[in-house]
Amino acid sequence: MSASHKPVGWNRTKVLYDAALLAAVAGYILAYLWVGPLIQRTSLPLDEQTLAMKAYGSCAFLMLTLVLCVGPLARLDRRFLPVLYNRRHFGVITFAVAAAHALHVLGWYFAYSHLPQTEALLAADTSYGQLRGFPFIPFGIAALLVLAVLAATSHDFWLSFLTPPVWKALHMGVYAAYALVVMHTALGALQSATNPALAVVVALSVALVGGLHVAAGARERDGAVARAAEVEPGWMATTTVDAIPEDGAVVVHLPDGEPVAVFRHGGRLSAVTNLCAHQNGPLGEGRVVDGCITCPWHGFQYRLEDGCAPPPFTERIATYRLKLDGRRVLLDPRPNAPGTRVEPVPVPGAAA
Amino acid sequence: MTPELVPHLVHQAAVAYSAVGAVVAAAFLLFGLDRVDPAARGAYAFRPLLVPGLVLLWPLVALRWLALARGRGLRGPAAGQTRHRRAHARIWIGLATALPVLLLAALALRQEGPLEAAPVRLPDAPAGVRSAP
């Protein structure tokens with residue numbers, strides 16, 4: 001988080017992450033360009049430019065597959081959280097590789113066109129009236145446009161300017177981009193591929209990305225979360241004091257689906273929305289660090305008693321009122337305005 | 001409208017859209033940014049990074065700029081953001097179902113796929129098909 005915008009909020013983790021990612025991309029491209037000519041069919045050799053197109057295109061497809069797997073993997077297994085931490089850089093580099101693929105296509109097939117290159121690209125195949133040989137280029141252009149919008153709005157400025165719900169909805173466009181890329185590949189490269197390797201890779205990607213998202217969704221629905229039930233007017237029973245780990249939380253789903261995180265810290269209980277103001281990260285899966293709730297996704301922090309980020313930061317989240325009924329934790333389901341102070345509830349018998 | 005005209009019109013529309021976007025981007029960076037985002041005041045190095053997004057999304061930028069200039073809050077509510085989680089679930093149930101079907105359909109359409117007629121030897125070719133001399 002940043003009180004004043006910077007181009008990139010670099011830290012050691014991000015530098016190492018980006019260095020490893022760029023090295024992997026460079027290694028893949030170079031291996032494709034060097035090894036590709038050695039194993040291709042001698043009866044139908046590919047020229048260098050076509051090989052480069054395929055190298056960048058396949059690299060972008062694999063990167064998009066990986067970047068889409070990171071979210072559900074982190075929800076299924078916390079060990080993947082470090083990969084999620086810098087996912088936006090992964091996405092921006094994916095766009096750059098996809099753009100390199102497009103530039104190679106334009107430079108090879110349309111360099112000497114009498115039309116502007118993009119117009120020539122659109123005019124290259126207009127056989128929309130037939131299924132076999134249906135144009136695949138528009139799918140790729142559309143996917144690249146979506147990725148361009150996502151990369152261009154990846155800076156934190158856009159999050160605060162557009163508001164988190166709009167920004168999040170915009171960035172869910174990555175799913176459309178993936179579907180478009182699958183169609184671009186299926187109607188393009190797969191149509192002329194003579195060995196099954198590419199079809200197997202695309203099928204595995206679809207199975208992996210779809211399977212992980214469905215599995216993570218099922219885990220979220222059926223996972224270890226409490227469901228609130230009204231026990232007296234205006235108060236809902238959530239969980240018990242003993243079920244909440246020290247410096248951790250239990251996530252409670254209200255009847256309207258809103259998730260609330262009930263934290264325990266220093267022998268006192270506090271409740272806030274489970275959605276981080278940054279990117280809706282699951283705060284209840286985070287920990288209390290230095291007296292603040294710390295989002296497991298990007299480390300945004302909030303004070304327990306009022307949901308405000310510590311100065312100089314300005315993010316705020318909604319808080320909820322709590323009270324105890326014996327060991328049972330009761331919650332008022334009406335959220336307070338973000339940043340509203342609610343005195344934490346002491347746990348009887350707990351050491352402060 | 002001929003098929004050749006569509007790419008021409010799309011290209012012209014993209015050029016016009018980008019030109020307007022460049023104007024909106026310049027105006028926003030010069031006159032709007034400091035007013036709508038306190039975190040931007042005194043911060044200049046990040047501004048060039050905003051240009052592509054401002055050009056690509058200029059209608060949305062203009063609407064949001066207008067709303068903020070009329071005094072609406074910069075931030076939306078922190079609670080009540082569960083809609084995107086529900087949409088997320090629906091999207092992936094849909095995609096996990098549709099993508100394998102579309103992929104199989106595309107494979108079935110391949111020139112060398114299962115729907116292609118078996119190749120025939122030229123001497124056995126139907127009447128009317130002549131072998132090369």
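I began with strand β8 (residues 292-294) of chain A, which pairs with β9(A) in the antiparallel sense over three bridges. The model is a predicted one. For the register I looked up A:Cys292 and found A:Arg303 of β9(A) opposite.

Next I traced the sheet around this pair. The sheet is open, has three strands in the order β7-β8-β9 (chain A), and pairs antiparallel. I noted β7 (287-289) and β9 (301-303) of chain A at the edges; each has a single partner strand, so one side of each lacks a neighbour in the sheet. I also took down the turn between neighbouring strands, which averages 40° with direction ignored.

I then went to the loop between β7 and β8 of chain A, where A:Asp290 lies. Phi of A:Asp290 is near 55°, a positive value in a residue other than glycine. I checked the surroundings: A:Asp290 counts as exposed because it has 7 C-beta neighbours inside 10 Å, and the cut-off for exposed is 12 or fewer.

I looked up A:Asp247 as well, in the loop between β3 (235-240) and β4 (248-253) of chain A. Its phi is positive too, near 65°, and the residue is not glycine. I list A:Asp247 as partly exposed, because 16 C-beta neighbours lie inside 10 Å.

Past β9 I checked the loop that leads to β10 (319-320) of chain A, which holds A:Pro312. The peptide bond joining A:Pro311 and A:Pro312 is cis, with omega about 10°.

For chain A as a whole I counted 11 helices and 13 strands. I read the span of its C-alpha trace along the principal axes as about 80 × 40 × 35 Å. Of its 352 residues, 39% count as buried. I also noted that, among contacts in chain A with a separation of 6 or more, 56% are between residues 24 or more positions apart.

Last I turned to the contact between the chains, to which chain A gives 58 residues and chain B gives 48 residues. On the side of chain A that touches chain B, I found several helices supplying at least two residues each, including α5 (117-123), α6 (137-152) and α9 (173-187) of chain A. The largest share of that side, eight residues, I assigned to α11(A). By residue class I recorded 35 nonpolar, 17 polar and six charged on the side of chain A that touches chain B.

Note on methods:
Residues are numbered from 1 along each chain as its sequence is written. Chains are lettered from A and ligands numbered from 1 in the order in which they are written. This is a predicted model: local features need pLDDT of at least 70, side-chain atom pairs count only at pLDDT 80 or more; totals for chains, interfaces and linings use all residues. Two residues are in contact if their C-beta atoms, placed from the backbone, lie within 7 Å. Helices (H or I, at least four residues) and strands (E, at least two) are DSSP runs, numbered from the N terminus. Ala, Val, Leu, Ile, Met, Phe, Trp, Tyr, Cys and Pro count as nonpolar, Asp, Glu, Lys and Arg as charged, and the others, Gly among them, as polar. A residue is buried if 20 or more other C-beta atoms lie within 10 Å of its own, exposed if 12 or fewer, and partly exposed in between; C-beta atoms are placed from the backbone. Two strands pair if DSSP finds at least two bridges between them. Axes are lines fitted to C-alpha atoms, for helices over the stretch in contact, and angles run from 0 to 180 degrees between N-to-C directions.
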